[in-house]
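Work through the following exercises with the sequence and the model side by side. Each task is followed by a solution that proceeds step by step.

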Amino acid sequence: MRKEALEERINDVVRILASRQRCQGYVTLKLKKILPQLRRAIEKIEEGTYGLCDDCDGKIPAKRLNAVPGATRCVACQNSKEVCA
């Protein structure tokens, strides 16, 4: 995933939030979860660590990155985090 593509997704999310009235849960999800993930993915591109898990440093499969461009954890680490949350 290119940095520009992630920035474009961020702009899309911001544009959607600004142009449509949504339920509070949707807005909260986008602002507190999705946008920070996309911004972290951009940081990882700049660091040269995009595609590596923030928790275990393992490789995040390309299929996962294509499905969830803002993914910063491998599936196992993400599942562990969600179970503990």
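**Exercise 1. Determine which residue pairs with Glu43 in a salt bridge, and follow the shared partners outward.**

Step 1. Glu43 forms a salt bridge with Arg40, and the closest N and O atoms are 3.1 Å apart; the term salt bridge stands for a side-chain nitrogen of Lys or Arg within 4 Å of a carboxyl oxygen of Asp or Glu. Side chains of opposite charge can pair when their charged atoms come close. This is a predicted model, in which local features need pLDDT of at least 70 and side-chain atom pairs count only at pLDDT 80 or more, while totals for chains, interfaces and linings use all residues. Residues are numbered from 1 along each chain as its sequence is written, and side-chain values use heavy atoms, with hydrogens and water left out.

Step 2. Place the pair: both Glu43 and Arg40 lie in helix H2, three residues apart, which is about one turn of the helix. Helices (H or I, at least four residues) and strands (E, at least two) are DSSP runs, numbered from the N terminus.

Step 3. Consider accessibility, where buried means under 20% relative accessible area, exposed over 50% and partly exposed in between, with a 1.4 Å probe and protein chains only. Glu43 is partly exposed at 39%, and Arg40, at 23%, also counts as partly exposed.

Step 4. Turn to Asp54, whose side chain meets that of Arg40 in a salt bridge of 3.0 Å, N to O. Asp54 lies in the loop between H2 and H3 whereas Arg40 is in helix H2, so this pair ties together parts that are 14 residues apart in sequence. At 30% relative accessibility, Asp54 counts as partly exposed.

Step 5. The side chain of Asp54 also meets that of Lys44 in a salt bridge of 2.7 Å, N to O. This pair again links distant parts of the chain, with Lys44 in helix H2 and Asp54 in the loop between H2 and H3, 10 residues apart. Lys44 is buried, with a relative accessible area of 2%.

Step 6. Salt bridges that share partners therefore join Arg40, Glu43, Lys44, Glu47 and Asp54 into one network. A search of the whole structure finds seven salt bridges.

**Exercise 2. Describe the surroundings of Thr49 and Asp57.**

Step 1. Thr49 lies in the loop between H2 and H3 and counts as partly exposed at 25% relative accessibility.

Step 2. A polar contact of 3.1 Å joins the side chains of Thr49 and Glu47; such a contact is a pair of N or O atoms within 3.5 Å, where within protein one must be able to donate a hydrogen and the other to accept it, and residues adjacent in sequence count only if both atoms are side-chain atoms.

Step 3. Thr49 and Lys59 are 10 residues apart in sequence, and their C-alpha atoms are 9.7 Å apart in space.

Step 4. Asp57 is placed in the loop between H2 and helix H3 (62-67). Although Asp57 is not a glycine, it has a positive phi of about 65°, and at 59% relative accessibility it counts as exposed.

**Exercise 3. Establish whether Cys53 is bonded or unbonded to another cysteine, and place it in the nonpolar core.**

Step 1. A disulfide is a pair of cysteine sulfur atoms within 2.5 Å, and a search of the whole structure finds zero disulfides. Cys53 is in no disulfide, the nearest cysteine sulfur being that of Cys77, 3.7 Å away.

Step 2. The sulfur of Cys77 is 3.6 Å from the closest cysteine sulfur, in Cys74, which is too far for a bond. Both Cys53, at 1% relative accessibility, and Cys77, at 15%, count as buried.

Step 3. The largest nonpolar core has 15 residues, and those with the most contacts inside it are Leu6, Ile10, Tyr50, Cys53 and Leu65. Helix H1 (3-19) and helix H2 (24-47) each supply at least two residues of this core. A nonpolar core is a set of buried Ala, Val, Leu, Ile, Met, Phe, Trp, Tyr and Cys residues joined through side-chain atoms within 4.5 Å.
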